Amino acid sequence: LAGLSASEAAKVVVHDISSDGEEQAGRVRRRRIDTDASALENGEEVVEEPEYSAEQLLMQRMEELEDLTETLRQRLESMHKAEGSLKAENKEKSDLLAYLMEKADARRAP
C-alpha cells in the first residue's frame, strides 16, 4: 500500500478464499471490514473479504471435502491394518491359552 494515496488505498481489495476451519462444515463465514483511511495512516492492516459467488464457494468447499475424504480414507486404511494386527495377536494368545489349558488338563488326568 506504500506509494498510494489514502483514497487509492481504500479501494484496494484483498482476496482470501482460505477456510476458517473445517469443523464448521456447511457454514460460510464472510466478513467485510470497511476500509478506513485513518486506519491506513495509523499503520493498521485493512482487510476486506469480497462476497464470492455460490459457484466459487461450492468449488472451494468441494476441494476441502475431497481433501478431508482422502485424509479419512488414509486413517481408515491405517485402522484396518491395526485391526488385522490386533486380531492376529488375539488369535495367537487364544491358541496359546487353549494349548496351556489342554496341557493342564492332561496333567490332572491319572
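The protein chain exposes about 9,500 Å² of surface, and 53% of that comes from carbon and sulfur atoms. The model behind these values is a predicted one. Of the 110 residues in the protein chain, 11% count as buried.

As for the fold, the protein chain has three helices and zero strands. Read from the N terminus, the order is simply α-α-α. Contacts tell another part of the story: among those in the protein chain with a separation of 6 or more, 57% link residues 24 or more positions apart.

Helix α3 deserves a longer look. It covers residues 54-108, which makes 55 residues. At 1.5 Å a residue, a helix like this should span 81 Å, and the C-alpha atoms at its ends turn out to be 78 Å apart, so the two values agree. Which residues of α3 are buried? They are L57, Q60, R61 and E64.

There is also a nonpolar patch on the surface, formed by L58, M59 and M62. Together, these residues have about 280 Å² of accessible area. One of them, M62, sits in helix α3. Is M62 buried or exposed? With a relative accessibility of 37%, M62 falls in between and counts as partly exposed, because the label "buried" is kept for values under 20% and "exposed" for values over 50%.

Charged side chains come next. The count of salt bridges comes to seven, including the pairs described here. R73 pairs up with E70, with 3.5 Å between their closest N and O atoms. Because R73 and E70 are three residues apart in helix α3, about one helical turn separates them. E70 has a relative accessibility of 36%, so E70 counts as partly exposed.

Another salt bridge joins the side chains of E83 and K87, at 3.6 Å from N to O. Both residues belong to helix α3 and lie four residues apart, which is about one turn of the helix. Their accessibility labels are not alike: E83 is partly exposed at 37% relative accessible area, whereas K87 is exposed at 54%.

Further along the helix, the side chains of K93 and E89 meet in a salt bridge as well, with an N to O distance of 3.2 Å. K93 and E89 are again four residues apart in helix α3, or about one turn. K93 counts as exposed, with 53% relative accessibility, while E89, at 40%, counts as partly exposed.

Key:
Residues numbered from 1 in each chain as written. Predicted model: local features only at pLDDT ≥ 70, side-chain atom pairs only at ≥ 80, totals over all residues. Heavy atoms only, no water. Helix = DSSP H or I, 4+ residues; strand = E, 2+ residues; numbered from the N terminus. Buried < 20%, exposed > 50% of the residue type's maximum accessible area, 1.4 Å probe, protein only. Contact = heavy atoms within 4.5 Å. Areas by Shrake-Rupley, 256 points an atom, 1.4 Å probe, with all protein chains shown as cover. Expected span 1.5 Å × (residues − 1). Patch = residues over 30% accessible without salt bridge, like charges linked within 9 Å, V, L, I, M, F, W, Y side chains within 5 Å. Salt bridge = Lys/Arg side-chain N within 4 Å of Asp/Glu carboxyl O.
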